[in-house]
Amino acid sequence: MPPEITIRNAHLHNLKNVDVRIPKGQIVVLTGLSGSGKSTLGFDILHREGQRQYLESLGLVEYGMSKPPVDAITGLSPSISIDQRLTNHSPRSTVGTSTEIFTYLRVLYARVGHRPCPACGKDVPPPYDDSPIEWDTDRINGAASGESGGLQACPHCGAPVPDMDMAHFSFNKPEGACPTCTGLGTIQQARLDRLVDAERSILDGAVNGWEAQLLRHHANTLQQAGRYYGMGFDPTLPVKDLTDAQRDLLFFGVESPQFRRRFPDIEPPTTVSRGRFEGVATNLLRRYAEHINDPDYRQKLDEYLATEKCPDCDGARLRPESRAVTVAGENIVAVARLPLFDLAAWLKELPARLTADERAIAHNILDELHERVRRVTEVGVGYLTIDRDSPSLSAGEAQRLRMASLLGSGLTGVLYVLDEPTIGLHPRDTGRLIEFMRRLRDLGNTILVVEHDLDLIRASDYVVDIGPGAGRHGGQIVAAGTPAQVAAAPNSLTGAYLSGRERTPLPPRRRAPNGKALTVRGARENNLQNLDVRFPLGLLVAVVGVSGSGKSSLVFDILDRAARQRFFGSGELPGAHDSIDGWEHIDKVITIDQTHIGRMPRSNAATYSDTFTPIREAFAATPDARQRKLTARHFSFNVPGGRCERCEGAGTLAVKMQLLPDVEAPCPACRGRRFTRETLSVKYRDHDIAQALDLTIEDALRLFGDVPAAVSRLQVMVDVGLGYLQLGQPTTTLSGGEAQRVKLAKELGRRSTGRTLYLLDEPTTGLHPADTARLIGVMQRLVDAGNTVIVVEHNLDVIKVADWLIELGPDGGAAGGRLVAEGTPEQVAVASGSPTGACLKALV
């Protein structure tokens with residue numbers, strides 16, 4: 001019998017005493033409806049127990065790492081999980097830094113880079129050996145005070161040229177970072193019109209954010225500064241009536257170049273009492289810079305800031321002298337802006353363009369670069385550039401980059417648990433990902449994949465279908481075996497889709513364009529090739545194309561940002577384009593992407609969707625609550641009153657662990673229930689508030705069926721396929737697809753005008769084909785009400801039912817960004833050179 005992992009009587013969350021055998025050394029797919037229990041089995045049981053057993057063998061298991069609720073697990077290997085969570089929010093991290101590709105490029109440029117002599121401008125080659133160099137000692141004495149260490153001589157004029165090492169090509173080190181933007185590539189400019197109301201005076205509250213108790217203090221400081229510089233400052237005047245110098249003082253402060261140029265011969269005051277004022281814009285920018293790695297804090301300031309490309313480095317992040325160094329005629333900035341597909345080609349051609357000495361030095365460096373670039377392109381993200389910011393990656397892209405590092409590790413005998421690795425992949429590229437997983441398997445590893453993609457399921461070695469439904473209707477093994485065996489299982493919904501017994505039907509008719517449209521002209525952001533694209537209104541429009549073809553650049557970088565700027569006054573500038581026509585046909589834009597909706601565990605599906613308020617009011621209206629004089633406030637875990645104060649309503653306490661991340665342990669006072677005993681003694685239809693939060697949304701809909709405000713919000717979440725979520729599930733634990741559908745449900749709960757434009761980013765992420773059919777129905781209802789839905793999508797079930805398709809491509813990166821085809825799915829299916837059309841031919 002081949003080796004296997006055996007689980008007996010698993011009963012965590014909705015799993016119902018499950019027994020299952022998983023063959024080792026194979027690609028095994030866990031599938032089933034969203035919320036059926038796949039992630040519970042794969043991540044909460046197998047992965048966490050694999051970690052616990054491994055750490056226990058090293059004597060490192062401490063308080064908080066308990067065994068999962070199963071009778072036994074045997075045959076388990078050390079496990080590594082790769083989920084959809086975006087953990088890197090630093091704007092200083094890029095694709096190149098996280099994969100080490102940029103690190104090796106820095107080595108390459110430091111070792112074989114050519115640069116112009118700062119004196120004569122002629123080429124200075126890299127030093128290849130330690131042979132004596134004839135120095136121009138007069139120049140050296142002037143440049144380095146007589147010390148020649150770290151210098152080489154220009155072979156043409158003898159001028160000293162400082163050596164450059166890896167640090168000079170890093171935008172995260174002072175030696176290499178552009179001094180203007182400190183290596184970020186962008187600068188923040190304060191939006192003075194948002195910070196200050198020019199129609200009001202300082203004492204009348206002109207400055208946004210100055211509270212009453214500080215207002216008089218700041219006004220006094222400004223008056224002292226006015227006296228110090230002999231120009232006066234009247235805080236009772238409207239800001240618009242101040243002189244230019246007074247406004248520069250208010251906005252930029254006494255230390256700023258803007259103000260000091262007006263009084264070049266006067267040193268700024270040294271104390272606040274004498275008039276040392278920082279300036280409202282300067283203060284804002286300082287606070288933003290100090291919290292550069294705190295996305296929650298930065299988000300609070302975003303509305304007062306406009307992001308602009310650095311005027312000195314033009315977004316390149318590096319100093320001028322670093323940008324001047326070339327290898328084979330290209331500087332490191334130009335190479336970092338190549339899509340990885342094109343970078344691979346450049347690296348392949350590079351040896352022929354180097355001298356013999358340079359080839360000898362670069363040989364090992366190039367080997368490392370080739371291997372790292374190959375691994376990243378194999379997982380389907382070859383269209384990315386290595387200068388791409390890590391926070392801008394989708395969940396699927398970040399996941400596949402982490403997967404690329406696995407192949408390079410060379411580990412064997414490991415259990416890899418992957419969470420929907422096909423998200424964001426065009427059907428054409430799924431085959432490349434499958435081959436990658438087979439190589440990982442062939443190293444002697446077990447690949448456990450939580451997945452809904454039918455192509456990947458068919459290519460797997462073994463399938464475990466969990467169901468038959470979601471939430472309390474799931475948690476059972478419906479079928480297990482080879483893909484063919486599951487396809488033949490009569491009770492398996494997944495099997496029905498695998499075999500073709502079930503499929504998403506085509507609409508009986510497609511809506512025709514009504515003549516109204518939004519037209520983007522001259523789109524050239526990222527790889528877009530100066531496109532004119534017409535989005536017909538009143539339809540379900542799918543923007544399609546292979547990964548990296550420019551879909552997100554068109555819809556989210558240009559259309560979404562332009563809409564937010566027009567309708568909401570956003571400070572984020574749209575991507576490069578000439579104009580957009582047709583705004584008069586819509587009155588509201590709602591963008592729903594896959595960014596996480598909360599980084600605090602206190603935010604949950606109930607609070608975010610505004611469902612928790614009517615639920616708390618329902619508890620407060622019960623006779624028990626009235627008798628105890630408990631209000632709706634007492635049923636909130638976010639404010640004092642009815643919450644447990646030991647854990648402040650969190651339900652858990654952080655346990656510090658040496659050398660390991662903190663572990664969350666249940667609060668000993670409330671035992672994880674968040675509320676006081678008095679609050680928990682109040683029941684609504686035999687449920688206390690903690691029990692209500694533990695219900696799935698589907699069960700909560702039944703419990704609160706007599707609370708109209710709760711019913712309307714809960715029903716929408718069920719409609720978008722979230723009925724399996726716990727009402728109190730923290731938003732930090734939601735996948736990107738779940739977060740998007742929670743946001744969609746919140747917007748659907750609001751009244752539509754019939755002239756709303758919805759922009760959706762792959763809303764089917766994480767959905768079983770049966771759940772996708774339900775979501776399609778929701779989108780069709782929005783369009784039936786007169787609205788427009790534009791969806792960026794790879795899922796063929798959505799693409800084939802859309803009214804209109806706009807395809808970009810034909811490939812990713814530099815080979816993309818063109819309009820390949822547009823029209824109905826039937827028209828695109830027969831379009832020449834259309835990758836999406838080739839996949840559609842058998843479906844429409």
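Q: What covers the buried residues of α22 in this model, to name some of the elements?
A: This is a predicted model, in which local features need pLDDT (the predictor's confidence in each residue, from 0 to 100) of at least 70, side-chain atom pairs count only at pLDDT 80 or more, and totals for chains, interfaces and linings use all residues. Residues are numbered from 1 along each chain as its sequence is written, and side-chain values use heavy atoms, leaving out hydrogens and water. Contact means heavy atoms within 4.5 Å. The cover of α22 includes α21 (605–608), α23 (623–627), α25 (689–694) and α27 (708–719).

Q: Which residues of α22 are buried?
A: Buried means under 20% relative accessible area, exposed over 50%, and partly exposed in between, with a 1.4 Å probe and protein chains only. Helix α22 runs over residues 612–620 and is mostly covered, with 7 of its 9 residues buried. They are F612, P614, I615, R616, A618, F619 and A620.

Q: How many helices and strands are there in the protein?
A: Both come from DSSP runs, numbered from the N terminus: helices are H or I with at least four residues, strands are E with at least two. The count is 32 helices and 28 strands.

Q: What radius of gyration does the protein have?
A: The radius is taken over C-alpha atoms, and the globule rule is 2.2 Å times the number of residues to the power 0.38. For 844 residues that rule gives 28 Å. The model comes close to this, so the protein is as compact as a globular protein of that length, with a radius of gyration of 30 Å.

Q: What share of the residues of the protein counts as buried?
A: The C-alpha trace spans about 90 × 75 × 70 Å along its principal axes. Residues 24 or more positions apart account for 67% of the contacts with a separation of 6 or more. Of the 844 residues, the buried share is 52%.

Q: What share of the accessible surface belongs to carbon and sulfur atoms?
A: Areas come from the Shrake-Rupley method with a 1.4 Å probe; for residues, only the protein chains shown count as cover. The surface of the protein comes to about 36900 Å². The carbon and sulfur share is 48%.

Q: Where does pLDDT stay under 50?
A: The mean pLDDT of the protein is 90, and 95% of its residues reach 70 or more. Where pLDDT is low, the predicted coordinates should not be read in detail. The model has 24 contacts beyond four places in sequence for the stretch in question. That stretch is residues 130–147.

Q: How far apart are the end C-alpha atoms of helix α16?
A: The expected span of a helix is 1.5 Å times one less than its number of residues. Helix α16 has 13 residues (430–442), so it should span 18 Å. The model agrees, with its ends apart by 18 Å.

Q: Within what arc do the buried residues of α16 fall?
A: In α16, T430, L433, I434, F436, M437, L440 and R441 are buried. They line one face of the helix, because the arc they fall within, seen down the axis, is limited. The arc is that of the directions from the helix axis to the C-beta atoms. Its value is 155°.

Q: Which residue with a positive phi follows α16?
A: The cover of the buried residues of α16 includes β3 (27–32), α14 (356–378), α15 (395–409), β14 (415–419), β15 (446–450) and α17 (454–459). After the helix comes a residue with phi near 105°. This residue is G444.

Q: Which residue does a cis peptide bond join to G467?
A: Omega of this bond is about 0°. The loop between β16 (462–467) and β17 (476–481) holds the partner. The partner is P468.

Q: Which residue does a cis peptide bond join to G809?
A: Here omega is about 5°. The partner's place is in the loop between β27 (804–809) and β28 (818–823). The partner is P810.

Q: What is the relative accessible area of E100?
A: E100 lies in the loop between α2 (95–99) and α3 (101–112). Its phi is positive, near 70°, in a residue other than glycine. E100 is partly exposed, at 38%.

Q: How far apart in space are G382 and H687, C-alpha to C-alpha?
A: G382 lies in the loop between α14 and α15. G382 is buried, with a relative accessible area of 0%. In sequence, G382 and H687 are 305 residues apart. In space, the distance is 52 Å.
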